[in-house]
Amino acid sequence: MVYSRITGTGSYFPEKVLTNAELEKFVDTSDEWITSRTGIKERRISEGETTSDMAYNASIEAIKSAGISISDIDGVILATCTPDYLIPSAACVLASKLGVKTPYSFDINAACSGFIYALGIADSLIKNNLGKNILVVGAERLSSIINWEDRNTCILLGDGAGAVVLSKSDEPGIRSICMQADGEYAEILTCKAGGSNALYERDSFDIESNLFTMKGNEVFKIAVRSMAEIAVEAVEKSGLSFNDIDFFIPHQANVRIIDAAAKRLNLDHDKVIITLDKYGNTSAASIPTALDLCVKSNKIKRGDNVVSAAFGGGLTWASTFFTF
Ligand code: UT7
């Protein structure tokens, strides 16, 4: 039997910290509102570092921790909705920065669910003998699309990158992957900038309507239900049981959404990983960065069983149950 398993992890955040107190100075909000409604206290903001720069730093760490060389990488899959360019893909830019030539390097965009989608694609490639070590990255420079005048959204997002090496293995690693999408809700979370429609209308280009927009409370309601449901599905598909869950790594959008999903999984608080207080919502980067921070602090160890679930624009949602 061929399995895929995470053999290395890495993460990177820009140095600049933007606190809730600093946000209060230029947008009508308060630390109290942001903390009680979201759980976020601060986030990191890139000062010139691109998505591929951050992805590079996370990838170097992941490759090192997997105990392989850069030349052992068979493919690069980068989940992002803020690539450096439309063409080339951020994955190709990353591969070039790493100095590796691979049969395939490509981006995928499933917004905040992107990392789990990418992990699912990499898992299938490995099980179909199309690679032994695949670099799977979630990286975002969300600050580039933030509307700093919109208090509904600018307080939520942050920049960062997380990476894993997914390797062919004799022992089970990825036990289940579940993916869902529903374009009926496409308009409740958007960023139209950089798309061909926005670019076509270049004479009447209006930057504000091309930045990140979200009908937060509509997304919230669907997120609570969908993320909990798909997390349960990942456990049911895995061959393991709810009692086997050692840790839950949810997408870091809002602590209230996370609490609702954890309740559905009947999980104690100490099994639920929270990083949004320090990093905010980093979209596709939130799950791999949270995993790496837990590995670095020795919280998640080899053999631990981890459920992860995400929800984002598209709308998309996804989950996985894996043995680390
Ligand atoms: O990662 C991708 C998926 N994204 C998500 O899952 C995010 C899902 N949504 C959420 O997390 C929440 O809906 C938000 C955190 C975005 C908003 O929280 P909420 O409890 O749903 O608030 P709301 O949008 O219903 O707004 C409540 C009030 C409004 O005022 P009125 O109309 O009641 O007077 C807003 O104008 O809070 C106001 N408000 C703010 N007040 C202070 C909205 N943003 C702010 C702010 N500071 N930053």
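Let me start with where the ligand sits: in this predicted model, domain 1, residues 3-172, and domain 2, residues 176-323, both give residues to the shell around the ligand, so the ligand lies between them. There are 24 residues around the ligand, and the ones that come nearest are Thr29, Arg37, His251, Asn254 and Asn281.

If we ask which secondary structure elements supply at least two residues of that shell, the list is helix H2 (31-38), helix H7 (216-238), helix H8 (255-264) and strand S12 (305-312). The largest share, four residues, comes from H7. Sorted by class, the shell has 11 nonpolar, nine polar and four charged residues.

Now to some individual polar contacts, beginning with His251, which is among the residues that come nearest to the ligand and has an N or O atom of its side chain 2.9 Å from an oxygen atom of the ligand. At Gly216, which is where H7 begins, a backbone N or O atom lies 3.0 Å from an oxygen atom of the ligand. At Asn217, within the range of that helix, a polar side-chain atom lies 3.3 Å from a ligand oxygen atom. As for how much of the ligand is covered, taken alone it exposes 960 Å², and the protein buries 75% of that.

Let me move on to the sheets, and here it is worth recalling that the strands of a sheet pair through backbone hydrogen bonds, either parallel or antiparallel. One open sheet has five strands in the order S1-S7-S6-S4-S5, with mixed pairing. Strand S1 (3-12) and strand S5 (104-108) stand at its edges with a single partner strand each, so one side of each is left without a neighbour in the sheet. Direction ignored, neighbouring strands of this sheet are turned by 20° against each other on average. To take one pair from it, strand S4, residues 75-79, runs parallel to S5 and is joined to S5 by five bridges; within that pair, Val76 has Ser105 of S5 as its bridge partner.

The other sheet I want to show is also open, with four strands in the order S8-S13-S12-S11 and again mixed pairing. Its edge strands, each pairing on one side only, are strand S8 (174-181) and strand S11 (247-250), and the twist from one strand to the next averages 10°. S11 and S12 run parallel and are joined by four bridges, and Phe248 has Val307 in S12 as its bridge partner. S12 is also one of the elements that supply at least two residues of the ligand shell, which brings this sheet back to the ligand.

Finally, some backbone details in the loops, for which the background is that most residues other than glycine have a negative phi, and most peptide bonds are trans. A cis peptide bond joins Ile87 and Pro88, with omega about 0°, and Pro88 is found in the loop between S4 and helix H4 (90-98). Another cis peptide bond joins Gly314 and Leu315, with omega about -10°, and Leu315 lies in the loop between S12 and strand S13 (316-323). Ala111, in the loop between S5 and helix H5 (114-127), has a phi near 50°, which is a positive value in a residue other than glycine.

How values were computed: Residues are numbered from 1 along each chain as its sequence is written. This is a predicted model: local features need pLDDT of at least 70, side-chain atom pairs count only at pLDDT 80 or more; totals for chains, interfaces and linings use all residues. Side-chain values use heavy atoms; hydrogens and water are left out. A residue is near a molecule or strand if one of its heavy atoms lies within 4 Å of it. A polar contact is a pair of N or O atoms within 3.5 Å; within protein, one must be able to donate a hydrogen and the other to accept it, and residues adjacent in sequence count only if both atoms are side-chain atoms. Accessible areas come from the Shrake-Rupley method with a 1.4 Å probe; for residues, only the protein chains shown count as cover. Ala, Val, Leu, Ile, Met, Phe, Trp, Tyr, Cys and Pro count as nonpolar, Asp, Glu, Lys and Arg as charged, and the others, Gly among them, as polar. Domain bounds come from an automatic or database domain assignment. Two strands pair if DSSP finds at least two bridges between them. Axes are lines fitted to C-alpha atoms, for helices over the stretch in contact, and angles run from 0 to 180 degrees between N-to-C directions.
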